[in-house]
Amino acid sequence: MAWLRSVLHLLWMSITVIPWTMAVLLVSLVAPRTTTWWVAVNWFRVVMWGTRVILGVRMEVQGLDNLPLGKASAAVLLSKHQSTLETLWLPTLMSHPLAFVFKRELLRIPFFGWSMARLDMIHIDRESRAAAMKHVIAQGRRLLDQGTWVIMFPEGTRIPRGEVGTYQTAGTRLAVESGAPIVPIAVATGRCWPKEGFVKHAGVVRVSIGPLMESQGRDPKALMREAQAWIEAEMRRIDPEAYS
């Protein structure tokens with residue numbers, strides 16, 4: 001049954017992404033980035049409807065009241081990364097447009113990548129770390145000044161459930177240089193949507209949004225250690241079975 005549900009969900013995503021990609025491409029030609037972003041988020045909501053109804057995955061969110069308030073507020077979101085699910089789910093929770101930092105190769109994915117190319121994200125070449133860092137900070141500051149929140153996965157890639165990757169400091173460096181606060185986010189999406197394998201499983205996945213961490217005057221490495229400590233401690237609270 002889980003295999004069949006997973007096939008149906010993939011078909012749901014594949015069928016719906018085509019008209020939404022065309023809509024994003026057309027809107028991006030005549031409307032500002034913010035309008036184009038919310039058109040794209042409507043597809044994320046459609047996918048999340050399918051995730052709930054087809055896959056039987058129920059989502060629970062804690063800590064939404066920790067997010068900054070106001071149209072002019074800035075934030076750098078640092079999230080645990082276990083699966084594709086959080087990249088689809090988190091945008092539907094936020095009141096601000098987001099800009100993901102991602103590897104440039106994703107732009108080659110038909111339809112999905114084409115849409116991302118029109119959304120003014122931060123795509124990097126991970127083979128040149130020094131150049132990538134400069135690009136993230138320059139483009140991140142520009143987007144933050146425009147009212148877009150920047151979201152990053154500090155471990156750099158999807159991490160299997162119950163494991164810890166190496167936290168990189170690009171996100172905290174951007175926060176310190178821009179003055180934007182850090183928002184740490186713990187996600188237990190690997191419980192139902194694993195990193196490896198095609199089959200997804202019904203159940204409950206949890207996201208926990210942590211309290212703001214001010215960045216002004218902070219050391220980026222120390223700030224990242226603080227964010228990592230909160231995220232990893234919270235992971236053990238919202239998904240204790242993975243760490244038993």
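Buried means under 20% relative accessible area, exposed means over 50%, and partly exposed lies in between (1.4 Å probe, protein chains only). Helices (H or I, at least four residues) and strands (E, at least two) are DSSP runs, numbered from the N terminus.

The model is predicted: local features need pLDDT of at least 70, side-chain atom pairs count only at pLDDT 80 or more, and totals for chains, interfaces and linings use all residues. Residues are numbered from 1 along each chain as its sequence is written, and side-chain values use heavy atoms, with hydrogens and water left out.

**Exercise 1. Decide how far helix α3 is enclosed by the rest of the structure, and list its buried residues.**

Solution.
Step 1. Locate the helix: α3 covers residues 85-93.
Step 2. Apply the burial cut-off. The residues of α3 that pass as buried are Leu85, Glu86, Thr87, Leu88, Trp89, Leu90, Pro91 and Leu93.
Step 3. Conclude. Because eight of the nine residues of α3 are buried, the helix is largely enclosed by the rest of the structure.

**Exercise 2. Describe the largest nonpolar core and the surroundings of isoleucine 185.**

Solution.
Step 1. Fix the term: a nonpolar core is a set of buried Ala, Val, Leu, Ile, Met, Phe, Trp, Tyr and Cys residues joined through side-chain atoms within 4.5 Å.
Step 2. Give the extent. The largest such core has 68 residues, and those with the most contacts inside it are Trp37, Val76, Leu77, Leu88, Met94, Ile182 and Ile185. Helix α2 (residues 33-53) supplies the largest share of this core, eight residues.
Step 3. Look around isoleucine 185. Leaving out residues up to four places away in sequence, its contacts (heavy atoms within 4.5 Å) include Leu77, Leu78, Lys80, Met94, Val207, Ile209 and Trp230.

**Exercise 3. Trace the salt-bridge network that contains lysine 80.**

Solution.
Step 1. Fix the term: a salt bridge is a side-chain nitrogen of Lys or Arg within 4 Å of a carboxyl oxygen of Asp or Glu. The whole structure holds 13 of them.
Step 2. Place lysine 80. This residue sits in the loop between β2 (76-79) and α3 (85-93), and it counts as buried because its relative accessible area is 0%.
Step 3. Follow lysine 80 to glutamate 232. The two form a salt bridge, with the closest N and O atoms 2.8 Å apart. The pair links distant parts of the chain, since glutamate 232 belongs to helix α7 (residues 220-238) and lies 152 residues from lysine 80. Glutamate 232 has a relative accessible area of 8%, so it too is buried.
Step 4. Follow glutamate 232 to arginine 236. Their salt bridge has its closest N and O atoms 3.4 Å apart. Both residues lie in helix α7, four residues apart, about one turn of the helix. Arginine 236 is partly exposed, because its relative accessibility is 38%.
Step 5. Add glutamate 155. The side chains of lysine 80 and glutamate 155 are joined by a polar contact of 2.9 Å. (A polar contact is a pair of N or O atoms within 3.5 Å; within protein, one must be able to donate a hydrogen and the other to accept it, and residues adjacent in sequence count only if both atoms are side-chain atoms.)
Step 6. Assemble. Lys80, Glu155, Glu232 and Arg236 are linked in a network of salt bridges.

**Exercise 4. Characterise valine 150 and leucine 67 by element, burial and contacts.**

Solution.
Step 1. Valine 150 is part of strand β5 (residues 149-152). Its relative accessible area is 0%, so it is buried.
Step 2. The C-alpha atoms of valine 150 and leucine 98 are separated by 5.6 Å, although the residues are 52 apart along the chain. Contacts of valine 150 beyond four places in sequence include Ala75, Val76, Leu77, Val101, Ile122 and Leu174.
Step 3. Leucine 67 belongs to the loop between β1 (57-62) and β2. Leucine 67 is buried because its relative accessibility is 10%.
Step 4. Beyond four places in sequence, leucine 67 touches Leu93, Met94, Trp149, Val183 and Ile209.

**Exercise 5. State the backbone feature of aspartate 120 and its exposure.**

Solution.
Step 1. Aspartate 120 is in the loop between α4 (112-117) and β4 (122-124).
Step 2. Its phi is positive, about 55°, although the residue is not a glycine.
Step 3. With 25% relative accessibility, aspartate 120 is partly exposed.
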